[in-house]
Number of protein chains: 2
Amino acid sequence: MEAAEPSGDINVVTDTTEEETPPREANHNCNHGSVPSSPAEESAEQSKDLPQTPQKPGSGTVVIQGNGNTASEKLQRVRKWSITTYKYTRQALSEKLGRGSRTVDLELEPRLELLRDDRQRYSNVTKLAQTLANQLAQFSVTQKTLGDAFTELSLKTPSLHVEFGANAAAQKFLSKSGETLVAAVNSFTLDMNTLINKTIEDTMINAKQYEAARIEYDAYRVDLEELNLGPRDTVTLPKLEQAQKDFQSQRERYQKIRDDLSVKVKLLEENKVKVLHNQLWLLHNAVGTHSLSCHNFLEQNIRQASEQLNNSGVDAPSWLEES
Amino acid sequence: MEAAEPSGDINVVTDTTEEETPPREANHNCNHGSVPSSPAEESAEQSKDLPQTPQKPGSGTVVIQGNGNTASEKLQRVRKWSITTYKYTRQALSEKLGRGSRTVDLELEPRLELLRDDRQRYSNVTKLAQTLANQLAQFSVTQKTLGDAFTELSLKTPSLHVEFGANAAAQKFLSKSGETLVAAVNSFTLDMNTLINKTIEDTMINAKQYEAARIEYDAYRVDLEELNLGPRDTVTLPKLEQAQKDFQSQRERYQKIRDDLSVKVKLLEENKVKVLHNQLWLLHNAVGTHSLSCHNFLEQNIRQASEQLNNSGVDAPSWLEES
């Protein structure tokens with residue numbers, strides 16, 4: 001029953017008579033609101049601008065001039081908004097209840113689903129990295145304190161001066177290097193949070209607006225389909241024409257939002273890979289650098305301590321014999 | 001006023017007439033009790049063994065046979081114990097109030113003081129090492145979890161397979177190596193706790209016994225000095241002789257305990273240095289080994305990942321262009 005569409009992967013989930021592909025028009029109404037916006041707010045603002053008779057001293061009453069044209073416009077807006085909201089709610093409800101049909105973009109929606117899943121996973125990894133950084137920071141503090149305790153013992157214990165000293169130097173260096181690693185991991189989590197809470201979130205907001213436009217479009221589509229199934233006479237024909245017009249306008253709006261979102265998701269996917277590629281290498285290198293500097297220091301530290309012990313063993317064996 | 005003593009550094013803190021050096025005798029009473037032990041417990045036990053008239057059916061009374069000899073001995077013991085306790089308490093009290101004189105061993109007591117200070121410091125270091133091990137254990141768990149999260153992302157993200165994979169491998173290896181280091185630090189704290197709570201504590205108990213013997217000895221010394229200052233006649237001379245005997249017996253006991261403790265402290269000092277030397281090298285080597293293995297792994301890991309990235313860049317540039 002379904003005809004091929006020029007935009008590719010848009011499908012309606014249930015069996016519906018496929019409407020003709022509408023020609024693209026320039027006057028689509030792209031307001032990106034997730035739910036049709038209420039006209040009440042707008043009219044409330046407008047009423048402030050209505051001409052008022054200045055308050056006469058002592059009279060206590062104010063006469064507000066009626067504005068037939070504005071009131072009619074307002075009524076028109078409220079009516080239109082009510083209809084759209086009603087249609088939107090009915091469509092959303094029937095989708096939730098598993099009734100009715102919905103348009104599914106087989107190309108875009110799996111990518112959005114993947115993006116949501118990715119965001120969840122990145123968020124998880126970022127939280128773990130944050131925990132890691134916090135634990136490492138505490139660990140560094142303990143290492144520093146232990147290093148200081150070893151230093152005191154090194155000064156207080158001539159017979160174990162070298163041994164305590166070597167451990168003091170080791171713990172202090174590890175602590176300092178650990179702090180650098182903490183800063184690197186914190187930088188990783190900061191950039192990951194920007195990716196998750198700014199970059200991806202921005203697209204997710206667009207995805208919500210897209211979903212709202214899709215529901216609105218589906219509501220008008222279902223209306224048109226229902227009218228098409230009914231009899232065609234002089235009463236229904238103008239209604240059908242109007243429904244056809246509304247449908248095309250909604251469809252264009254939906255497709256515009258869909259195309260915008262599709263471009264945005266593609267850009268995000270590229271950007272995401274670039275950002276993550278950099279961040280993951282930075283993280284790995286930070287860990288590697290920490291490990292390298294610790295290894296170099298400890299190797300040198302152990303060599304120095306061994307030499308000192310050998311020297312003291314040759315030059316001053318006194319304390320060994322004293323003890 | 002003080003004459004040189006054969007045992008060297010024993011000094012009496014206040015001006016006291018120095019008694020003659022007593023000849024060593026074989027019958028010193030080395031009971032190592034920190035306070036003169038009460039005879040009440042012993043006599044209570046003994047009273048169970050006293051012959052009892054078997055209870056006649058219907059009589060309801062028990063006749064306990066008096067034992068003149070045992071009662072006299074008991075009385076004697078109680079008297080002696082009371083006197084010793086009285087002397088001990090009087091001496092301890094007068095020392096606490098800053099009155100009277102006390103014998104100070106200038107060689108042994110600073111070494112005991114040093115030992116107490118060392119024990120305190122070792123205990124502090126051990127607690128810090130324990131904290132370090134606990135923090136490192138938690139850190140390793142987080143690394144493992146982060147590694148698993150990276151592995152999942154590596155499998156789920158073809159475009160960042162290598163980057164996520166490299167970080168997964170890094171975190172997992174660091175976690176495993178960290179666990180080995182935790183075991184090493186735990187072994188360090190275990191052996192340090194043995195040194196502190198068994199080896200040093202054992203000597204500290206002896207030091208307390210030594211202090212008790214010293215107070216008892218000082219009590220008899222002060223008694224003798226007081227009698228020496230008084231008049232000498234037929235009433236006081238036997239008392240003086242008895243005091244002289246008691247003093248010598250106490251002095252020998254004190255010196256025996258002192259000499260035993262001195263040997264024990266010297267052995268402990270040697271043992272302590274050996275144990276700490278080993279433990280400190282084990283700890284440093286554990287840290288060094290951890291660092292070395294992490295460094296080796298990460299270096300290899302980063303090389304492999306770079307090669308994989310270069311290969312995928314040459315052979316399959318598709319995913320880079322797709323994204």
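Glu179(B) is partly exposed, with a relative accessible area of 45%. Select this residue to begin the tour; the model on screen is a predicted one. Glu179(B) sits in helix H4 of chain B. Now add Phe139(B) to the selection: the two residues are 40 positions apart along the chain, and their C-alpha atoms are separated by 9.4 Å.

**Chain B: H3 and H4**

Next, select residues 108-156 of chain B, which form helix H3, together with residues 161-229 of chain B, which form helix H4. How far apart are the axes of these two helices, and at what angle do they pack? The axes are 6 Å apart and the angle is about 160°. That angle is over 145°, so H3(B) and H4(B) count as roughly antiparallel. The crossing between H3(B) and H4(B) is left-handed. Colour the contact of H3(B) with H4(B) by residue class, and it divides into 26 nonpolar, 18 polar and eight charged residues.

**Across to chain A: H3 and H3**

Keep H3(B) selected and add residues 108-156 of chain A, which form helix H3 of that chain. H3(A) and H3(B) pack at about 160°, with 8 Å between their axes. The two helices are therefore roughly antiparallel to each other. Which hand does the crossing of H3(A) and H3(B) have, left or right? H3(A) passes H3(B) in a left-handed crossing. In the contact of H3(A) with H3(B) there are 24 nonpolar residues, 14 polar ones and ten charged ones.

**Chain A as a whole**

Now hide chain B and show all of chain A. Chain A has six helices and two strands. Followed along the sequence, these elements come in the pattern β-α-α-β-α-α-α-α. Chain A contains 323 residues, of which 40% are buried. Turn on contacts, and take those in chain A with a sequence separation of 6 or more: 84% of them join residues 24 or more positions apart.

**The record's "domain: AH"**

Select residues 103-303 of chain A. An unreviewed UniProt entry places the feature "domain: AH" here. What is the share of helix over residues 103-303 of chain A? The stretch is 93% helix and 1% strand, and its end C-alpha atoms lie 72 Å apart.

**Chain A: H3 and H4**

Select H3(A) and H4(A). These helices pack at an angle of about 160°, and their axes are 6 Å apart. That makes H3(A) roughly antiparallel to H4(A). The crossing of H3(A) and H4(A) is left-handed. By class, their contact holds 26 nonpolar, 18 polar and eight charged residues.

**Two glutamates on H4 of chain A**

Zoom in on Glu201(A), which is found in helix H4 of chain A. Is Glu201(A) buried, partly exposed or exposed? With a relative accessible area of 25%, Glu201(A) is partly exposed. Leaving aside residues up to four places away in sequence, Glu201(A) touches Arg119(A) and Ile196(A). Add Leu97(A) for a distance check: Glu201(A) and Leu97(A) are 104 residues apart in sequence and 28 Å apart in space, C-alpha to C-alpha.

Move on to Glu225(A), found in helix H4 of chain A, which covers residues 161-229. Why does Glu225(A) count as buried? Its relative accessible area is 11%, and buried means under 20%, so Glu225(A) falls in that class. Select Ile83(A) as well: 142 residues separate Glu225(A) and Ile83(A) in sequence, and 17 Å separates them in space, C-alpha to C-alpha.

**H5 of chain A**

Select residues 236-315 of chain A, which form helix H5, and pick out Gln308(A) within this helix. At 42% relative accessibility, Gln308(A) counts as partly exposed. Gln308(A) and Lys176(A) are 132 residues apart in sequence, with 24 Å from C-alpha to C-alpha.

For the last stop, select residues 240-271 of chain A. UniProt lists this stretch as "coiled-coil region", in an unreviewed entry. How much of residues 240-271 of chain A is helix, and how much is strand? The stretch is 100% helix and 0% strand, and its end C-alpha atoms are 46 Å apart.

Methods
Residues numbered from 1 in each chain as written. Chains lettered and ligands numbered in written order. Predicted model: local features only at pLDDT ≥ 70, side-chain atom pairs only at ≥ 80, totals over all residues. Heavy atoms only, no water. Axes fitted to C-alpha atoms, helices over the stretch in contact; angles between N-to-C directions. Helix = DSSP H or I, 4+ residues; strand = E, 2+ residues; numbered from the N terminus. Parallel < 35°, antiparallel > 145°, perpendicular 65-115°, else oblique. Left-handed = near helix turned anticlockwise from the far one by under 90°. Nonpolar A, V, L, I, M, F, W, Y, C, P; charged D, E, K, R; others polar. UniProt positions renumbered as here; feature names shortened; annotations may be inferred. Buried < 20%, exposed > 50% of the residue type's maximum accessible area, 1.4 Å probe, protein only. Contact = heavy atoms within 4.5 Å.
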